[in-house]
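Notebook open, coffee in hand. Today I'm looking up pockets, cavities and sheets in this one.

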Amino acid sequence: MPHLLLRRGRIVDPSSNLDVVGDVLVTDGIIAHVGAPLGDVRRDGDLVEIDCTGQVVSPGFVDVHCHLREPGREDVETITTGARAAAAGGFTAVCAMPNTDPVTDNQAAVGFIIRQAQRAAAARVYPIGAISVGQRGEALAEFGEMIGAGAVAVSDDGKPVASAQLMRTALEYARTFEIPVADHCEEPTLAAGGAMNEGVVSARLGLKGIPDEAEEIMVIRDILLARRTGGHVHLCHMSTKGSVELIRWGK
Amino acid sequence: MSTSADLGKDLLGLEELTTAQIQLLLDVSEPFKEISLRSIKKVPTLRGATVVNLFFEASTRTRLSFEFAEKRLSADAVNVASSGSSVSKGETLVDTARNLEAMKIDMVVVRHGSSGAARFLAQRIESNVINAGDGMHEHPTQGLLDLLTLRDHFKRLAGLRVCICGDVLHSRVARSNIWGLRKMGAEVALCGPRSLLPNAVEEMGVTVFRRIEEAIEWADALNILRLQLERMQGGYIPSLREYNRVFGVTRDKLERAPRDVLIMHPGPMNRGVEIDSDVADGPHSVILDQVTNGVAVRMAVLYLLAGGNPALAEAAKG
C-alpha cells in the first residue's frame with residue numbers, strides 16, 4: 001500500500017476540535033500525523049504526495065439517509081453505483097433505506113445488501129431495516145434478526161408510520177436493541193397527492209400542495225411517543241420552521 | 001415555422017404574457033370573428049401548416065373549437081386522443097411528441113391532466129405549442145375568450161369587477177382568468193367554499209367573498225365554474241344540494257343585485273348545481289357568446305404563433 005501525504009490542506013475535524021492548515025500523513029493505511037506542516041518525508045516504498053492548498057481535508061462524511069434502490073430499481077441506482085458515488089463525494093459511510101422492492105424487512109435482505117456492499121468495495125454501507133413487514137404499516141418486522149444480520153436502525157422511510165399504535169410499539173421494541181426508529185414524517189391524509197409545499201406558489205402553478213402541518217403533526221406525535229416510551233426517534237428530512245420549534249421543545 | 005416576435009414560440013399561459021400581448025391577442029381576434037359568419041367559412045391563411053391536436057383528457061368544446069379554428073384557416077388538422085393511440089401503451093408524453101415532430105408538423109395543441117405538461121413539451125420540441133389546458137394550472141385560450149366576451153359586452157376591461165365562482169382550487173380556467181383580468185386592469189374576486197379555494201390565493205391579488213350574495217352585490221360579471229362532481233366524493237363539499245343552496249347562482253339571488261350582472265360559464269354546466277337553468281338561459285347570460293368567441297380567439301392564436309403580422313390580420317381573412 002502506498003503511503004499518502006496530504007500537504008497544506010485546511011484540516012477540519014470537529015471531533016478533535018481541529019481547524020488548521022497543515023499536513024496529514026497516512027502510512028500503511030493508518031493516519032500517522034495530523035496537523036503541523038511536515039518537512040521532508042522519506043519512506044520505504046511509494047509515497048504519494050498531494051498538494052491540498054485551498055482544499056478541505058476532513059474525516060469521511062456519513063450520510064444516514066440514502067436510497068441505494070437495490071434490489072428492485074437497479075435502473076436508477078445500485079449498491080455499487082451508490083457506494084462509489086458516496087466515496088467520490090467524500091462520504092465514507094452511508095445508511096441505506098429499506099424501501100427497496102422487495103422491502104428490506106428480514107435478515108436475508110439485510111445480508112444481501114451487506115454482501116453487495118462488500119463487492120462494491122467503496123463507501124461502507126449500513127442497511128436500515130423496515131419497521132413493518134412489507135412497509136405495510138401493520139405487523140412489526142423482525143428487528144432483532146435484522147440487527148443480527150447488520151442493520152443499524154429501522155424505518156418505513158418512503159412512507160410514514162401512519163398508525164400511532166405501531167409507532168409506539170416500534171419505539172418500545174427497539175429499546176432492546178438500542179437502535180433508532182426513523183420516521184418519514186408526513187400525515188398521509190393531509191399529504192395525499194401533494195407535489196410541493198402548499199402556498200401561493202402551489203396555488204399559481206396548479207399543483208397540489210402539502211401543508212406544513214402534514215409534517216408537524218407527525219413530528220409532535222413522534223416526540224410525544226418517544227417521551228412516553230423512552231425510545232430513540234429519528235425524524236427524517238425535516239423541512240418546516242414549525243418542526244424545528246417542536247423538536248427544540250421536545251429536547 | 002417562424003415565430004412571431006410579438007408572442008414567442010408558444011402560448012402556455014396568461015401569467016407570462018404582458019398586458020400588450022393580451023391586448024394584441026384580443027385585437028387580432030376581432031377580424032377573425034367575421035369569418036365564422038360567412039357561408040363559406042374558410043380562408044387560406046394557414047394553408048400547408050400541419051397542426052396536431054393532442055388531447056390526453058376528454059374535451060368536446062375546446063377540441064372542436066380548435067379544430068374549427070384550424071380548418072377555417074386552412075391548416076391540416078390531425079386529432080390524437082390518448083385512448084386508441086400509443087399513449088395507452090405507456091408511451092411518454094415527450095416520446096409521443098417527438099414522433100409526431102418526426103413527421104414534420106408545425107404546431108401542437110395539447111391538453112393534459114398534469115399541471116406543467118404544456119411547458120414540459122414546449123421546452124423539448126421545435127413546434128409551436130398551444131396549451132389547451134394543463135391539469136389545474138392554466139387554460140389560456142379560455143381565459144382569452146372570457147376576456148373577449150367581457151370586452152364585447154362592457155366595451156372595456158379596466159375597472160370591471162369580475163367574480164369567479166366555485167371550485168377555484170381545481171380550476172385551470174380560474175387561474176387563466178385571474179391573470180388575464182388583472183393584467184387588463186379588472187378587479188377580480190373569488191367566491192366559493194373555502195375548501196375549494198387555494199390556500200394563500202389572496203396573494204394572487206384577488207378578493208375573497210364568503211357568501212355568493214356578497215359577490216353578486218359587488219360584481220359586474222360572474223364567471224361560474226363547473227363543480228366537478230367527483231369533488232363531492234373527494235369530501236370537499238357535503239352535498240350538491242347544499243352547494244346549490246349556499247353557492248349556486250339562482251334567479252332569486254340575482255334579482256336582489258343592485259345592477260344587471262353578466263353571467264358566464266366555461267361549460268359544461270351542471271344545471272341546478274352551480275347555476276340554475278333560468279340563469280344560464282336568462283337575459284344576462286353570454287355563455288354561448290363565449291363559445292362563439294372561442295373560435296375567433298383560437299384563430300388569432302394560431303395566426304400569431306404561425307408568424308402572422310398583426311397589422312395584416314384584417315387582410316389575412318382573404
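Before I list any pocket, a reminder to myself: a pocket here is an open set of grid points with protein on both sides within 12 Å along at least five of seven lines, and a lining residue has an atom within 4 Å of a point. Also, the model is predicted.

**Entry 1: second largest pocket**

I started with the second largest pocket, which has a volume of about 390 Å³. I count 19 residues in its lining, and those nearest its centre are Glu198(A), Lys208(A), Gly209(A), Leu169(B) and Tyr236(B). Helix H5 (188–191) and helix H6 (200–205) of chain A are the elements that give two or more residues to this lining. Sorted by class, I get nine nonpolar, six polar and four charged residues.

**Entry 2: largest pocket**

Next I pulled up the largest pocket, at about 680 Å³. Of its 25 lining residues, Arg111(B), Arg172(B), Arg226(B), Gln228(B) and Pro268(B) lie nearest the centre. The elements giving two or more residues are H2, helix H6 (172–183) and helix H8 (230–233), in chain B. The class split is six nonpolar, 11 polar and eight charged.

Where does the largest pocket lie? Domain 1 (19–139 + 292–310) and domain 2 (140–291) of chain B both give residues to its lining, so I place it between them.

**Entry 3: cavities**

I then searched the whole structure for cavities of 30 Å³ or more and got two. The largest cavity holds about 90 Å³ of space. Among the residues lining it are Arg61(B), Ser65(B), Gln142(B), His265(B), Gln290(B) and Arg298(B). H2, helix H5 (140–154) and H12 of chain B each give two or more residues to that lining. Which element gives the most? I find H12(B) on top, with five residues. By class I have four nonpolar, six polar and two charged. Both domain 1 and domain 2 of chain B give residues to this lining too, so the largest cavity lies between them.

The second largest cavity has about 30 Å³ of space. Its lining comes from chain A, with Leu68(A), Arg69(A), Glu70(A), Ile79(A), Ala96(A), Met97(A), Thr100(A) and Ile113(A). I sort these into five nonpolar, one polar and two charged.

**Entry 4: four-stranded sheet**

On to the sheets in chain B. One is open, with four parallel strands in the order E2-E1-E3-E4. Why does one side of E2 and of E4 have no neighbour in the sheet? Strand E2 (76–81) and strand E4 (128–134) of chain B are at the edges with a single partner strand each, so one side is left free of a neighbour. On average, neighbouring strands here are turned by 15° against each other, ignoring direction.

Strand E1 (residues 50–55) of chain B joins E2(B) through six bridges, in parallel. In that pair, I see Val51(B) opposite Ala77(B). Helix H2 (residues 61–72) of chain B packs on the sheet and touches E1, E2, E3 and E4, with its direction at about 180° to that of E1(B). Helix H12 (residues 287–305) of chain B packs on the sheet as well, touching E1, E3 and E4; I get about 150° between its direction and that of E4(B).

**Entry 5: five-stranded sheet**

The other sheet I looked up in chain B is open and parallel, running E7-E6-E5-E8-E9. Strand E7 (207–209) and strand E9 (262–264) are its edges, each pairing on one side only. The twist averages 25° from one strand to the next. Strand E5 (residues 161–165) and strand E6 (residues 187–191) of chain B pair over five bridges, and Arg161(B) stands opposite Glu187(B).

Notes:
Residues are numbered from 1 along each chain as its sequence is written. Chains are lettered from A and ligands numbered from 1 in the order in which they are written. This is a predicted model: local features need pLDDT of at least 70, side-chain atom pairs count only at pLDDT 80 or more; totals for chains, interfaces and linings use all residues. Side-chain values use heavy atoms; hydrogens and water are left out. Two strands pair if DSSP finds at least two bridges between them. Axes are lines fitted to C-alpha atoms, for helices over the stretch in contact, and angles run from 0 to 180 degrees between N-to-C directions. Contact means heavy atoms within 4.5 Å. On a 1 Å grid over the protein atoms alone, a cavity is a set of points where a 1.4 Å probe fits but cannot get out, and a pocket is an open set with protein on both sides within 12 Å along at least five of seven lines; lining residues have an atom within 4 Å of a point. Grid points are joined across faces, edges and corners, and a volume is the space filled by probe spheres set on the points. Ala, Val, Leu, Ile, Met, Phe, Trp, Tyr, Cys and Pro count as nonpolar, Asp, Glu, Lys and Arg as charged, and the others, Gly among them, as polar. Domain bounds come from an automatic or database domain assignment.
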